[in-house]
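Colleague: I am new to this structure and would like a close look at a single part of it, namely the aromatic rings. Could you take me through them slowly, in one connected account?

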Amino acid sequence: MSFYAVLTVKVFITPIITCAKVIDSGPLTAPPLDSCLFMRLWTFQVSQLRRFSDSQRQALLDARQQVTTSTVLYLLGTTSSLPLYRNANDRMSGSSSLSAAEKAATNTSPRISYRDLMLNHGYFDSNILSHAYDGSGTDEDPFLIGWIDHDPRNPLRFRDRRKWLWTLLVALATMAVALTTSDYTAPAKEIKEALHVSQEVFELGLSVFVLGFAVGPLFWGPLSELYGRQIIFAGTFAALTAFNVGCALAPNVKGLIIMRFLAGTFGSSPLTNAGGVVADIWPARQRGLALVAFSSAPLFGPILGPIVGGFIGQNCGWRWVEGFLAILSGTLFLLVTFIVPETYGPLLLKRRAQALSISTGKGYVSKLDKDKQYITLSAKLKVALTRPWLMLFREPIVLVLTLYLALLYGTLYMFFGAFPIVYQEYRGWSEQIGGLSFIGQAVGIVLGICYMFPETHRYHKIVDRHAETPESRLPPAMVGSIAIPIGIFWFAWSNAPSVPWIVSIIAQAPFGFGFVLVYISVQEYLVDAYTIYAASVLAANTVFRSAFGAIFPLFTNYMYRNLGSHGPARENIRRQALVFGASGLAGWAVVDQLMENYPTQGTFSKVTALVNRSLNIEESYWPTPSPSRPELELVSSIDLTEGTVEELTASLKKKVPDIANVTHMFYFAYKYDPDPEKETQLARSMLERAIGALNHLSPQLEFVVFPTGTKAYGVHIPGGVFPPPYTESMRLPELEARKMFYYALQDELTSQSQLKQWTWCEVRPDIIIGFVPHGAFVNLAGHWATYLSTYALLSGRGARIHYPGTLAAYNALFTPISATTLARFSIWASLHPSVTGGGQLFNIADREQPTRMREVWPAVAGYFGLEGVGPVDEGDEERVMLPGDYIKANRRVLEERTGRKATEVFQVGYVDALGLFLTFDRQMSLEKARGVGWVEEREPGKAWGEAFERFRRAGVIPG
């Protein structure tokens with residue numbers, strides 16, 4: 001409705017108001033009539049023509065026809081109306097041009113309104129209209145128009161201040177697009193957890209955006225030649241903003257990846273059109289500095305992305321990272337659309353020729369289009385899609401330099417996948433601090449830009465001597481080609497956690513410095529060497545470069561996983577493990593698997609087991625030390641519940657003389673307290689002492705593993721909290737979370753690992769099935785081993801035994817885990833910090849397929865020669881005594897007949913209650929663990945049999 005309202009005002013109401021203001025003071029004989037010519041030409045009566053001579057009468061009719069045409073042009077926004085009225089007025093008075101004084105005034109200070117500058121692509125004034133063009137104005141010999149002296153619409157003649165503003169805006173638009181590529185990588189951990197994706201799928205989101213850079217320019221370049229820079233930018237940047245919003249609201253990873261690809265495709269338009277704007281408005285001699293400033297934008301963007309994204313992601317969440325990109329692109333869309341006019345000269349001259357032809361009835365054509373036939377969009381696209389490949393494979397220079405730039409570009413984007421691994425995951429830095437790791441490259445880029453300024457001056461001197469050749473552009477590239485490998489090798493040899501972090505940060509500067517020199521020099525060389533075909537050469541360069549940038553991040557993760565963070569030399573490092581809580585169920589299994597040479601012989605050279613109780617090697621039932629196994633050191637009486645960090649440090653330094661060589665810490669210490677608040681305070685203080693001591697004593701520490709449990713998913717709350725399968729992104733409501741010490745330990749490790757060389761992960765099992773020779777807090781296998789062996793002893797083999805729980809618990813799905821699997825994954829995760837570090841959480845179980853106690857109980861009972869059956873029916877008079885009560889009632893009989901004591905299990909009531917309150921499905925998803933490369937599986941029944949057999953060998957239950 002608003003459009004029709006405006007049209008009505010312009011066509012009907014405005015003429016009426018204008019007519020009311022103009023008082024006709026006499027016959028239409030005396031010029032000038034500019035102020036009211038429009039209304040007079042539309043309101044005079046044909047009978048009035050008798051007042052004029054034949055020549056004046058014809059001029060008036062021609063003027064009326066011209067004003068009719070110009071009014072339409074005015075309403076359509078394609079030309080300025082006032083010059084036409086003035087020209088019509090001149091024609092009426094028999095004059096064909098402005099006075100000499102008017103011409104002089106116009107030539108000295110040509111002006112153009114903001115509206116005409118932004119919307120009127122066919123603008124012309126009286127000087128342009130009256131200029132003496134070559135040609136006769138016929139269809140066969142049209143006037144050939146070009147830029148005239150003091151042309152107010154010539155993009156090259158605007159003031160430098162205005163051109164620098166435009167250059168800055170298009171450079172910022174380009175930088176914003178480049179920033180969007182890498183901003184995504186900063187909240188990597190959060191995105192993977194929120195969308196439940198692996199590292200490879202996450203990196204696909206980076207690759208598809210860069211892939212859009214290879215697709216988009218093939219279309220936006222030709223379209224800009226048909227429709228101009230302005231409309232292409234407005235349309236594509238509006239789409240980029242919309243797709244960035246789509247990324248922020250993406251409900252799953254599929255939507256995010258699709259939105260990222262479309263954002264990259266549409267956002268790539270500044271990569272081609274922004275450079276065209278710079279070329280449009282700057283003469284060749286002045287273009288050097290502008291191109292240096294412009295070319296640095298797409299290099300700075302990817303470096304700034306992780307820094308900005310890190311701070312936003314950690315404080316506001318990953319969706320606000322995408323939201324920030326939408327706000328940024330939307331703001332630049334408005335600024336560029338309303339400040340930067342159309343600058344493509346051939347289009348402006350073409351539109352001017354069309355406007356002049358319509359307004360005068362004469363034939364006008366742009367000089368640039370004189371010998372050209374109209375080229376359709378399909379023809380332009382055909383050329384755009386074929387000529388770059390012909391140039392690429394038929395010109396060796398183009399092929400070699402394109403491959404070189406593509407390799408460097410791919411390496412640059414590989415860093416975006418590598419830095420989160422090296423600094424966030426391997427060193428445990430937060431998203432904020434991890435984003436700052438790109439500062440080294442940023443410094444190098446700044447140094448490279450500074451280096452290019454005197455190089456531009458050097459090139460100007462060569463031009464002044466008329467000795468320039470395309471090769472005159474290449475000396476900076478020679479310097480950069482030396483700096484790049486220096487930076488890469490330096491970074492590769494210094495990014496180990498044992499090396500201070502600042503060394504690898506400084507190592508990035510030579511790469512950034514060299515990249516700028518090579519990138520700018522090669523681009524300028526290709527433009528100078530291939531001139532009229534430069535667009536096709538640069539298109540091939542852009543496609544290849546973007547393809548490498550899209551592909552390289554996809555295998556970055558595999559390289560770091562298989563080769564390590566700094567090459568094969570990692571294999572020669574002597575790893576030493578320190579296990580806190582080694583006498584507990586999980587801690588015992590970790591020592592056991594390390595002594596069994598998991599994952600391979602020689603992986604660890606020594607294992608130090610720390611326990612609070614008094615224990616010796618013979619009573620531990622760990623594998624016997626031998627030359628083919630790691631050295632085993634057992635240290636007793638390590639109490640984490642009391643004392644200070646300094647006291648623990650002194651104790652460990654005394655009891656573990658080579659603690660400085662510890663590289664891996666497995667923290668499985670725990671002490672129960674019935675008060676959740678006290679338990680949280682105790683658990684955090686214990687961890688604080690342990691980590692604080694190792695930060696002082698173990699400079700080679702690389703990785704820390706600590707376990708939690710499914711209480712973090714609320715399984716202790718009747719009916720549960722979350723629908724299964726449980727995923728790592730699920731977090732209890734804040735009120736319940738405050739009662740869980742797990743989150744306090746996460747916060748402590750995050751804080752302690754800041755700017756340290758080590759990183760950490762959390763493993764989360766459900767019910768652990770395993771062996772420990774002494775008592776444990778929750779040892780279901782030990783508890784049932786004593787219960788079933790006692791039942792078999794008293795009731796005889798073959799007796800039926802009911803499941804000690806409810807029918808709902810008997811049928812509920814869950815994912816149990818053997819202590820062996822938990823230990824193996826903990827060790828494996830500690831050896832793969834590039835994919836597991838950075839404080840990541842992993843669900844872990846024997847297998848992904850859930851099971852039920854209905855499937856487990858018969859096999860468990862059968863091991864003891866009993867027939868395991870389901871729970872008693874509700875309402876049945878027969879009642880089953882819980883295992884804890886049964887053992888307590890028959891403990892003396894067991895001791896008298898076997899001479900053995902029942903296995904000590906703390907909180908027996910809690911263990912017995914597992915069959916009563918765990919009445920809901922609670923299976924966990926292992927998708928994340930599978931996504932980082934963990935593939936081992938075990939049959940759940942095997943874990944029970946393995947644990948029972950160890951209890952027999954240890955003499956805990958009858959043989």
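Modeller: What follows is a walk through the aromatic pairs, and then through the charges that sit over rings. Please keep in mind throughout that this is a predicted model. A search of the whole structure finds 48 aromatic pairs, among them the pair of Y451 and F513, whose ring centres are 5.8 Å apart and whose planes meet at 85 degrees, so that this pair is edge-to-face. Because Y451 belongs to helix α21 (residues 439–464) while F513 belongs to helix α23 (residues 501–530), the pair ties together parts that are 62 residues apart in sequence. As for their surroundings, Y451 has a relative accessibility of 28% and therefore counts as partly exposed, whereas F513, with 18%, falls under the 20% limit and so counts as buried.

Another edge-to-face pair is formed by Y787 and Y886, with 5.5 Å from centre to centre and 85 degrees between the planes. Here Y787 lies in helix α31 (residues 780–795) and Y886 in helix α36 (residues 883–898), so this pair ties together parts that are 99 residues apart in sequence; both Y787 and Y886 are buried.

Ring pairs also build a cluster, which links F415, F419, Y423, F438, F491, F511, F515 and Y519.

Turning to the charges, K163 lies over the face of W282, at 4.8 Å from the ring centre, and the charged end of R545 sits over the ring of Y409, 5.1 Å from the centre of that ring.

Note on methods
Residues are numbered from 1 along each chain as its sequence is written. This is a predicted model: local features need pLDDT of at least 70, side-chain atom pairs count only at pLDDT 80 or more; totals for chains, interfaces and linings use all residues. Side-chain values use heavy atoms; hydrogens and water are left out. Rings of Phe, Tyr and Trp (its six-membered ring) pair if their centres lie within 6.5 Å; planes under 30 degrees apart count as stacked, over 60 as edge-to-face and the rest as tilted. Helices (H or I, at least four residues) and strands (E, at least two) are DSSP runs, numbered from the N terminus. Buried means under 20% relative accessible area, exposed over 50%, partly exposed in between (1.4 Å probe, protein chains only). A charge sits over a ring if NZ of Lys or CZ of Arg is within 6 Å of the ring centre and within 35 degrees of the ring normal.
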